[in-house]
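Welcome, and thanks for taking a look at this one with us. Here is a short briefing to read alongside the sequence and the 3D view.

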Amino acid sequence: MSAVASSVDQAITNATLGRSQTVCRYFLRGVCRYGEQCRYSHNVSTGRLEGERTISSPDVDAKPSTSRPNWVNAPIFVPRQKGYVTQNEDDEASGSAVSWAEIVGGPSEHCVKLNMGEPFSLEELCPYECPCPYGEYCRYRIHLELCEMCDQYCLHPTDQAQRKKHIRECLQQHEQAMELSFAIARSKDKTCGICFDIIMEKAGREKRFGILPNCNHIFCLECIRRWRQAKQFEHKITRACPECRVSSDFVCPSAFWVETKEEKDKLLNDYRSALGAKDCKYFKKGDGKCPFGNKCFYKHALPNGDIVDVGLPKRARKVHGSQNELIDLVDIYLLEYFDQRDYHWLELLSSDDISESSDYSDEE
Amino acid sequence: MANMAVSRIKREFKEVMRSEEIVQCSIKIELVNDSWTELRGEIAGPPDTPYEGGKFVLEIKVPETYPFNPPKVRFITRIWHPNISSVTGAICLDILKDNWAAAMTLRTVLLSLQALLAAAEPDDPQDAVVAYQFKDKHELFLMTAKHWTNAYAGGPHTFPDCDSKIQRLKDMGIEEHDARAVLSKENWNLEKATECLFS
């Protein structure tokens with residue numbers, strides 16, 4: 001009876017904490033947001049179910065082990081088989097599918113009486129954990145049905161809109177989960193061509209791929225960025241893929257490897273639009289001049305929101321007279337700029353706390 | 001980041017050990033010390049070249065910034081090749097300088113060097129004397145390269161004429177290697193070599 005003893009202890013603790021002995025109806029459905037702080041009991045073995053008060057005698061909590069018939073009032077011990085009450089009503093001697101409560105207290109009329117009361121509500125949902133232990137004797141008339149997708153009781157029996165919405169959400173969630181597991185599967189054994197480590201086995205922020213738009217070689221973000229920022233080589237060398245020497249203008253960070261062209265295009269477009277939503281730190285909403293002109297990935301918008309086309313990059317023209325050199329130089333600037341900016345953008349995205357974002361704003 | 005250099009070298013070492021080339025005895029790599037920063041490579045002279053049958057030992061120094069910078073490689077075994085200094089063993093190969101890529105490995109470097117032995121670039125020379133001979137007196141170049149391969153790398157071809165000329169200079173008190181170097185430079189003209197040594 002040690003289990004009972006500890007249950008009693010729990011009841012006492014609850015009492016001293018000023019907690020109600022009634023079991024929280026939200027807890028029963030698994031959705032109580034107060035958790036430990038809840039005023040109602042989250043201990044189904046000692047608490048009373050709502051609506052039971054009239055039946056449970058006052059000595060239930062005080063002398064649980066001696067007042068045997070009252071154990072019947074612990075409906076949570078009833079196993080989940082549907083219609084168990086009916087079964088026992090029909091055949092009291094049946095040894096199969098009896099609850100602990102029944103073993104202790106024997107099948108009792110209380111049980112039936114309890115459930116045979118007047119219906120509480122015709123509109124309200126049954127608050128008990130589904131499938132409802134009272135089955136067809138439940139005082140609530142509306143019971144959620146099982147959704148086979150998520151294996152939870154969450155489909156309204158008659159509300160078609162709710163059912164459709166839930167099934168759609170379920171499907172969506174399922175697709176996302178599948179996509180994620182595919183992404184993990186195709187990424188998990190990929191090694192970086194620079195450090196030779198398995199990227200998915202790296203720690204924390206190093207666990208990221210650096211995707212080059214113009215070829216399909218695999219690098220971790222940190223390595224490929226470091227390579228592209230190497231000052232000891234010409235830019236035409238460092239902006240090229242270290243494996244195949246195909247040149248790419250920027251590196252796109254990604255949590256997973258992208259295999260197909262569709263996946264990659266989507267990633268690159270998402271990346272561009274994410275950068276395009278951020279104000280350019282050189283343009284300064286019209287107050288400054290962006291050296292990268294309309295080649296800049298960031299937003300050139302005035303304070304009123306109007307997007308401005310600032311034309312081709314200009315800065316290089318002042319530095320160099322020759323047109324050919326100009327183009328080279330612009331490319332070089334762009335390269336450095338993107339790589340550097342990418343990095344900050346990453347910082348921003350991967351940080352959850354506000355302070356880091358505001359650090360970023362300061363840098364801007 | 002020195003860690004990355006070491007961990008990568010360790011992996012590359014395993015890669016070389018497992019590679020086909022090891023089985024064929026065409027490249028070899030071994031550790032010089034425990035720090036993994038200095039290694040010794042060995043490449044076999046490619047077939048159908050004057051270097052065939054020779055084993056060329058290389059000194060490989062791995063910088064702390066590896067693989068973002070190339071390893072420093074030079075020939076320890078003396079070699080007669082337009083792109084390799086006959087004096088210092090310094091190599092003129094673009095991938096070991098400004099054309100390096102971080103995805104290259106010790107294995108690809110050794111294979112590139114092997115390819116360099118098979119296909120010299122006399123227009124981008126490291127050793128101007130050798131490059132001149134390669135272009136202007138190719139037969140003489142082939143003989144000299146084979147002779148050097150025999151003398152320093154265990155190659156099979158012997159040239160009694162060369163040996164006797166070297167012996168003549170040695171008799172005059174010149175070190176064997178210096179004698180060979182001067183004779184090679186002077187296209188095996190004993191008189192010019194002597195002149196060069198004693199003027």
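A salt bridge here is a side-chain nitrogen of Lys or Arg within 4 Å of a carboxyl oxygen of Asp or Glu. By that rule, the side chains of A:K202 and A:E206 form a salt bridge, with 4.0 Å from N to O. Please keep in mind that this is a predicted model. Over all chains, the whole structure holds 16 salt bridges.

**Chain A as a whole**

- Chain A is built with 13 helices and six strands.
- Of the 364 residues in chain A, 39% are buried.
- If you take the contacts in chain A with a separation of 6 or more, 44% of them are between residues 24 or more positions apart.
- The exposed area of chain A is about 21,300 Å², and 52% of it comes from carbon and sulfur atoms.

**Chain B as a whole**

- Chain B has eight helices and four strands, and their order along the sequence is α-α-β-β-β-β-α-α-α-α-α-α.
- Buried residues account for 48% of the 199 residues in chain B.
- For contacts in chain B between residues at least 6 apart in sequence, 53% link residues at least 24 apart.
- Chain B exposes about 9,500 Å², with carbon and sulfur atoms supplying 50% of that area.

**Salt bridges to look at**

- Back at the pair in chain A, the two partners differ in burial class: A:K202 is buried at a relative accessible area of 14%, whereas A:E206 is partly exposed at 34%.
- In chain B, the side chains of B:D123 and B:K135 meet in a salt bridge at 2.9 Å, N to O. B:D123 sits in the loop between α3 and α4 of chain B and B:K135 in helix α4, so this pair ties together parts that are 12 residues apart in sequence.
- B:D123 itself counts as exposed, because its relative accessibility is 65% and exposed means over 50%.
- B:E176 and B:K170 also form a salt bridge, and their closest N and O atoms are 3.3 Å apart.
- Both ends of that bridge are partly exposed: B:E176 has a relative accessible area of 34%, and B:K170 has 31%.
- The bridge belongs to a network of salt bridges that links B:K170, B:E176 and B:R180.

**A patch of negative charge**

- Which residues gather in a patch of negative charge on the surface? They are A:E234, B:D94, B:D98, B:E121 and B:D124.
- One of them, B:D124, lies in the loop between α3 (106-118) and α4 (128-136) of chain B.
- B:D124 is partly exposed, with a relative accessibility of 45%.

**A closer look at A:S248**

- You will find A:S248 in the loop between α9 (235-238) and β6 (252-254) of chain A.
- Is A:S248 buried or exposed? With a relative accessible area of 0%, A:S248 is buried, because buried means under 20%.
- Beyond its neighbours within four places in sequence, A:S248 is in contact with A:L212, A:P213, A:N214, A:C215, A:R228 and A:R239.
- A:S248 and A:K236 are separated by 12 residues in sequence, and their C-alpha atoms are 9.8 Å apart in space.

Key
Residues are numbered from 1 along each chain as its sequence is written. Chains are lettered from A and ligands numbered from 1 in the order in which they are written. This is a predicted model: local features need pLDDT of at least 70, side-chain atom pairs count only at pLDDT 80 or more; totals for chains, interfaces and linings use all residues. Side-chain values use heavy atoms; hydrogens and water are left out. Patches are made of residues with over 30% relative accessible area and no salt bridge: like charges are joined within 9 Å, nonpolar side chains (Val, Leu, Ile, Met, Phe, Trp, Tyr) within 5 Å. Accessible areas come from the Shrake-Rupley method with a 1.4 Å probe; for residues, only the protein chains shown count as cover. Lys and Arg count as positive and Asp and Glu as negative; His and the chain ends are not counted. The place of a charge is taken as NZ of Lys, CZ of Arg, CG of Asp or CD of Glu. Helices (H or I, at least four residues) and strands (E, at least two) are DSSP runs, numbered from the N terminus. Buried means under 20% relative accessible area, exposed over 50%, partly exposed in between (1.4 Å probe, protein chains only). Contact means heavy atoms within 4.5 Å.
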